[in-house]
Amino acid sequence: MDSQPYREECKIVSARTYLGSTLYVVNGKIIHGASGGVVLNSQYEAVGVIKAGAQTFDDEETVLETGFISIFDVLDNCKAQYEDA
């Protein structure tokens, strides 16, 4: 079993609003099941949380919007939920 994490280098290709947050759509293949995983920048800083992915590693599968939500949006949402509790 390979102990190395899966890594995909992606570029942001567009952005759209998703449930009140910005979804940054990327050009790489994010696999379904990775949702909630951390997105790192080139300095290995956490910049987002994966939201959308493909079902398989199959290159023939097309998913229009694989991407992530900014870590700042996630933290703001957590803070708002905590304050409302």
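How many helices and strands does the secondary structure of the chain come to? In this predicted model, the chain contains 1 helix and 5 strands, and, read from the N terminus, the order of these elements is β-β-β-β-β-α. The chain has 85 residues, of which 25% count as buried, and its accessible surface amounts to about 6,500 Å², with 53% of that area belonging to carbon and sulfur atoms. When the contacts with a separation of 6 or more are considered, 37% of them join residues that are 24 or more positions apart in the chain.

The interior may be described through its nonpolar residues. In soluble globular proteins, nonpolar side chains tend to be buried together. In the present model, the largest nonpolar core is made up of 5 residues, namely Val26, Ile30, Val39, Ile50 and Phe68. One of these core residues, phenylalanine 68, is in contact with Val26, Val39 and Ile50, which also belong to the core. Once the neighbours within four places in sequence are set aside, the contacts of phenylalanine 68 also include Ile12, Thr22, Leu23 and Tyr24, as well as Val47, Gly48, Val49 and Lys51.

Two serines illustrate that polar residues can also be found among the buried positions of this model. Serine 70 is part of strand 5, which spans residues 67-70, and serine 70 counts as buried because its relative accessible area is 11%, which is under the 20% cut-off. With neighbours within four places in sequence left aside, serine 70 touches Thr22, Tyr24, Val47 and Gly48. Serine 21, in turn, belongs to strand 2, which covers residues 21-26, and, with a relative accessibility of 16%, serine 21 is likewise classed as buried. The contacts of serine 21, again without neighbours within four places in sequence, are with Arg16, Ile69 and Asp73.

A contrasting setting is provided by the loop between strand 3 (38-40) and strand 4 (46-52), in which tyrosine 44 is found. Tyrosine 44 is exposed, with a relative accessible area of 58%, and the phi angle of tyrosine 44 is near 60 degrees, a positive value in a residue other than glycine. Most residues other than glycine have a negative phi. Together with Val38 and Leu40, Tyr44 forms a nonpolar patch on the surface, and the three residues have about 330 Å² of accessible area together. Of the patch members, valine 38 lies in strand 3, whereas tyrosine 44 lies in the loop that follows between strand 3 and strand 4.

The loop between strand 3 and strand 4 also holds serine 42. Serine 42 is exposed, since its relative accessible area of 61% is over the 50% cut-off, in contrast to serine 21, which counts as buried. Although serine 42 and glutamate 9 are 33 residues apart in sequence, the distance between them in space is 9.2 Å from C-alpha to C-alpha.

Finally, the cysteines were considered. The structure holds 0 disulfides. Cysteine 10 is partly exposed, with a relative accessible area of 31%, and cysteine 78 is also partly exposed, with a relative accessible area of 46%. Both values fall between the cut-offs of 20% and 50%, and therefore neither cysteine 10 nor cysteine 78 is classed as buried or as exposed.

Note on methods. Residues numbered from 1 in each chain as written. Predicted model: local features only at pLDDT ≥ 70, side-chain atom pairs only at ≥ 80, totals over all residues. Heavy atoms only, no water. Disulfide = S-S within 2.5 Å. Buried < 20%, exposed > 50% of the residue type's maximum accessible area, 1.4 Å probe, protein only. Helix = DSSP H or I, 4+ residues; strand = E, 2+ residues; numbered from the N terminus. Core = buried A, V, L, I, M, F, W, Y, C linked by side-chain atoms within 4.5 Å. Contact = heavy atoms within 4.5 Å. Patch = residues over 30% accessible without salt bridge, like charges linked within 9 Å, V, L, I, M, F, W, Y side chains within 5 Å. Areas by Shrake-Rupley, 256 points an atom, 1.4 Å probe, with all protein chains shown as cover. Salt bridge = Lys/Arg side-chain N within 4 Å of Asp/Glu carboxyl O.
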